[in-house]
Amino acid sequence: MPIPPAPLAQLPVRRLTHKDLLACADLSENRQWPREEHKWGFLLTAGNGYGIDDPEGEGLLACCVVTSYGPKLAAIGMVLVAERYARQGVGRRLMRHVLEELGDTPTTLHATANGQPLYEQLGFTQASGAEMVRGRFTFTTPAPAVPVRPATAEDLQAILRLDLEVFGLDRTPLIARLPAFADHLRVAEEDGGITGFAAAWPNMDTHVVGPLIARDPATAKALIASLATATDRPLRTDIDVRHTSLLSWAKENGLDPIATNAVMVRSVPDLPGDWRRRFAPLTVAAG
């Protein structure tokens, strides 16, 4: 017998641990998302997971992950509600709990068209958008001749400094995990200084490009092309829609548009940092 809406809205929310990884992946699969176990493992280690246990069986009824960048920003992602509990207030219950814990901390998330009305009711506004593209990179339109090479351990401090400058907040706990999380990490270099970096990490049958930080679109293109030479998998990435030249170039090279999501913020007018040099996020999952 289905649980009535009132009791659903009263179910307790608990913190998730790495032991909940498979339950999170099962919930992804339930909503026709990829299982993304590698990504879940990273997020549950680097961030704080929240979930509601399914009272009618094993596993989770709903979940999400919060990645904290200190008191100035938190990012919510992987917001999922089991299909049979959809549209019964469960997502609102989970989000309200998370936002209460975050208090006045500025918050961001990527929203699908279905999820955006709920987030607007919870105080989020749209700051920008991101377009997901995917496909086998064809090298039809060459990348600019910007020097790119594989990153080394000696590059980490320079990468962290550039990321802080562009992102606007310290992401050391996340960026320091990139060498273990990603299969490929590249840096662009000029006159002995790093002008950009990008990673490609495995996700099901693709390699996802992100983060992608670069001095300009030419450098961003060179980094993507370099990563494409290192894999025989399709590439996937989420590019800020304001970077029109990069999006056009990616599509010319076989990456087809999959979806466009709203980048939303709460308790802050916009994201910190320099969006002109921030081309793709580390990880993203729209709700």
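Accessible areas here come from the Shrake-Rupley method with a 1.4 Å probe. On that basis, the chain of this predicted model has an accessible surface of about 12,700 Å², and carbon and sulfur atoms account for 52% of that area. Of the 287 residues in the chain, 54% are buried.

The overall build can be sketched next. The chain contains 10 helices and 13 strands. Its C-alpha atoms fill a box of roughly 65 × 35 × 30 Å along the principal axes. The radius of gyration is 19 Å, which agrees with the value near 19 Å that a compact globule of 287 residues would have. Sequence-distant pairs feature strongly in the contacts: of those between residues at least 6 apart in sequence, 72% join residues at least 24 apart. As for charge, there are 29 positive and 33 negative side chains, and the centres of these two sets are 2 Å apart.

Helix α2, residues 21–30, gives a good view of the packing. Its buried residues are L21, A23, C24, A25, L27 and S28. These residues pack against two kinds of element, namely the strands β1 (14–16), β3 (60–68) and β4 (74–81) and the helix α3 (37–46). After α2 comes Q32, with a positive phi near 65 degrees. One of the packing partners of α2, strand β4, is also home to M78. M78 has a relative accessibility of 1% and therefore counts as buried, the cut-off being under 20%. Phi of M78 is positive as well, near 55 degrees, although the residue is not a glycine.

The loop between β6 (125–135) and β7 (148–150) deserves a closer look, and P147 is found in it. With a relative accessible area of 48%, P147 is partly exposed. Beyond its neighbours within four places in sequence, P147 is in contact with V187, A188 and E189. The C-alpha atom of P147 is also separated by 7.0 Å from that of E190, a residue 43 places away along the chain. Two of these contact partners recur around T195, which lies in strand β9 (residues 193–203). T195 touches A188, E189 and E190, together with L162, A214, R215 and T219, when residues up to four places away in sequence are not counted. At a relative accessible area of 13%, T195 is buried.

F139 belongs to the loop between β6 and β7 too. Its phi is near 60 degrees, again a positive value in a residue other than glycine. Six aromatic pairs occur in the structure. In the pair of F137 and F139, the ring centres are 4.7 Å apart and the planes meet at 80 degrees, so the arrangement is edge-to-face. The partners differ in their cover: F137 is buried at 13% relative accessibility, whereas F139 is partly exposed at 41%. Elsewhere among the aromatic residues, F42, F181 and W201 make up one cluster.

A last backbone feature concerns strand β10, residues 206–214, where P211 is found. The peptide bond joining G210 and P211 is cis, with omega about 0 degrees.

Conventions
Residues numbered from 1 in each chain as written. Predicted model: local features only at pLDDT ≥ 70, side-chain atom pairs only at ≥ 80, totals over all residues. Heavy atoms only, no water. Helix = DSSP H or I, 4+ residues; strand = E, 2+ residues; numbered from the N terminus. Rg over C-alpha atoms; globule rule 2.2 N^0.38 Å. Buried < 20%, exposed > 50% of the residue type's maximum accessible area, 1.4 Å probe, protein only. Contact = heavy atoms within 4.5 Å. Lys, Arg positive; Asp, Glu negative; His and termini not counted. Charge placed at Lys NZ, Arg CZ, Asp CG, Glu CD. Phe/Tyr/Trp six-rings, centres within 6.5 Å; stacked < 30°, edge-to-face > 60°.
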